[in-house]
Amino acid sequence: MAMAAPSIRTVASVFGLLLLVFALSSTIIYLVSSSSPAAVSPSSILLNLRPFAARCPPAPPLRVFMYDLPSRFHVAMMSTNSPAPAPSNGSGAEGSPPPFPTWPPSAGGIRRQHSVEYWMMASLQLQGGGGGAREAVRVRDPEAAEAFFVPFFSSLSFNVHGRNMTDPDTEDDRLLQVELMDILWKSKYWQRSAGRDHVIPMQHPNAFRFLRDMVNASVLIVSDFGRYTKELASLRKDVVAPYVHVVDSFLNDDPSDPFEARPTLLFFRGRTVRKDEGKIRAELSKILKDKDGVRFEDGRARGNGIKTSTEGMRSSKFCLHPAGDTPSSCRLFDAIVSHCIPVIISGRIELPFEDEIDYSEFSLFFSVEEALRPDYLLNQLRQMPKEKWVEMWSKLKNVSSHYEFQYPPRKGDAVNMIWRQVKHKIPAVNLAIHRNKRLKILDWW
């Protein structure tokens, strides 16, 4: 059989690679020939290569096909359908967004913190290529897509339809999942990949709880792996996304002495009666409550509670983040946008964007055993030098923009970071799809 002629894209890619190799080798040869051996070092070579690297075009955005599902699967579950606002200045997004319902202010608390599904769908409504500001763009031709987005608000569906998990209130949630799977199973694009290249938000720990096993090959957008089996979710294929913070971001946090501007040593406000790993909260309450420099309060993130949490985090040096019902909670991301150094206590937590962000630079980690040791945690916090705290606080301020959800999305914000994480998964997805087409014995290795 005759070999197929190479495509123009393939030829261009090879040609570009040859140019890169030629440029690199020429630069190194020039450095070596024009300098003494002592003057040529890896750092000097890299320094001279930086202008060349700066000229390289950014990677193109991920091409995403979004299923056209009836509104009952997504925006109809929202309490209002008011048009979206005009793009904010400096958004970096091209074109004007079409009308898309804003996230309703009345849907705060638990609904807002699990609203990643909404922001991902909203980002695909934008027109135009997006340039370097967008990590994903919507394509109308599924044949041109690298990934397929399923706009089912599974977290909102759980919260709207039977959050107490008692029948028959949960029936609407179950029926939506059944109907969705019927649509997907009939799609040739689902069939050809077994759903591997499909992106499904599933951030609430009880989202999609009836038919999870039917989407265990897909790229799931989760908050952690607390209620997922290893057969369903893993870092290999899934994306850990931040909760949407419920407190307002601290935008004018520029005191002359940030250390002294935060008189409280350690702050926590949340529900102390939790399940599973979250049981540690009740134990921490006994150890920390009424200690000098500590505010440890029981409360909910709604109404005046959000105002109290905002004030508490902004006036504290450290914010406690024990596990909730699952290893993570929204409190961590409220602390980040409040520039309150997180004190994380969780044995099985997974953190968003950890291949790009080093949390140890602006967070402290303690094991459960350490946290429950009398006075150990507080002594560690009190012994931190002021200079070290200011250094961590500065780094926290610098990364906080990566946890902002907005429409239109901005370069480097949470929406774009999530899509970039999805893009990182695509090579492994394609490997699995291609191997599956030719294997006679599935998963033989």
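**Figure 1. Arginine side chains over aromatic rings in the predicted model.** In this predicted model, Arg314 lies over the face of Phe250, at 4.4 Å from the ring centre. A second arrangement of this kind involves Arg373, whose charged end sits over the ring of Tyr376, 4.6 Å from the centre of that ring.

**Figure 2. The aromatic pair Phe353 and Tyr403.** The search of the whole structure finds 20 aromatic pairs. In the pair formed by Phe353 and Tyr403, the ring centres are 5.9 Å apart and the planes meet at 40 degrees, so the pair is classed as tilted. The two rings link distant parts of the chain, 50 residues apart: Phe353 belongs to the loop between strand 10 and strand 11, and Tyr403 to the loop between helix 13 and helix 14 (414-438). Both Phe353 and Tyr403 are buried.

**Figure 3. An aromatic cluster.** Phe100, Trp103, Tyr118, Trp119, Phe405 and Tyr407 form one aromatic cluster.

**Figure 4. The open five-stranded sheet.** Five strands form an open sheet in the order 8-7-9-10-11, with parallel pairing. At its edges are strand 8 (294-298) and strand 11 (364-366), each of which pairs on one side only. Neighbouring strands of the sheet are turned against each other by 20 degrees on average, direction ignored. Strand 7 (residues 264-270) and strand 8 pair in the parallel sense over five bridges. Within strand 8, Phe296 is the bridge partner of Phe268.

**Figure 5. Helices lying across the five-stranded sheet.** Helix 9 (residues 304-314) lies across strand 7, strand 8 and strand 9 (316-322), and runs at about 160 degrees to strand 7. Helix 13 (residues 386-399) lies across strand 9, strand 10 (341-345) and strand 11. The angle between helix 13 and strand 10 is about 95 degrees.

**Figure 6. Strand 5 and its parallel partners.** In a regular strand, side chains alternate between the two faces of the sheet. In strand 5 (residues 219-222), Val219 and Ile221 point one way, whereas Leu220 and Val222 point the other way. All four of these residues are buried. Strand 4 (residues 198-201) runs parallel to strand 5 and is joined to it by three bridges; here Val199 stands opposite Val219. Strand 6 (residues 239-240) also runs parallel to strand 5, with two bridges joining them, and Ile221 of strand 5 stands opposite Val239.

**Figure 7. The surroundings of His204.** His204 lies in the loop between strand 4 and strand 5. Its relative accessibility is 6%, and His204 therefore counts as buried, the cut-off being under 20%. When neighbours within four places in sequence are left aside, His204 is in contact with Ile110, His114, Ser155, Phe158, Asn159, Arg212 and Tyr228.

**Figure 8. The protein chain as context for the close-up views.** The protein chain contains 14 helices and 11 strands. Of its 445 residues, 49% count as buried. The chain exposes about 22,300 Å², of which carbon and sulfur atoms supply 55%. Among contacts with a separation of 6 or more, 69% are between residues 24 or more positions apart.

Methods:
Residues are numbered from 1 along each chain as its sequence is written. This is a predicted model: local features need pLDDT of at least 70, side-chain atom pairs count only at pLDDT 80 or more; totals for chains, interfaces and linings use all residues. Side-chain values use heavy atoms; hydrogens and water are left out. Buried means under 20% relative accessible area, exposed over 50%, partly exposed in between (1.4 Å probe, protein chains only). Helices (H or I, at least four residues) and strands (E, at least two) are DSSP runs, numbered from the N terminus. Two strands pair if DSSP finds at least two bridges between them. Contact means heavy atoms within 4.5 Å. Accessible areas come from the Shrake-Rupley method with a 1.4 Å probe; for residues, only the protein chains shown count as cover. Axes are lines fitted to C-alpha atoms, for helices over the stretch in contact, and angles run from 0 to 180 degrees between N-to-C directions. Rings of Phe, Tyr and Trp (its six-membered ring) pair if their centres lie within 6.5 Å; planes under 30 degrees apart count as stacked, over 60 as edge-to-face and the rest as tilted. A charge sits over a ring if NZ of Lys or CZ of Arg is within 6 Å of the ring centre and within 35 degrees of the ring normal.
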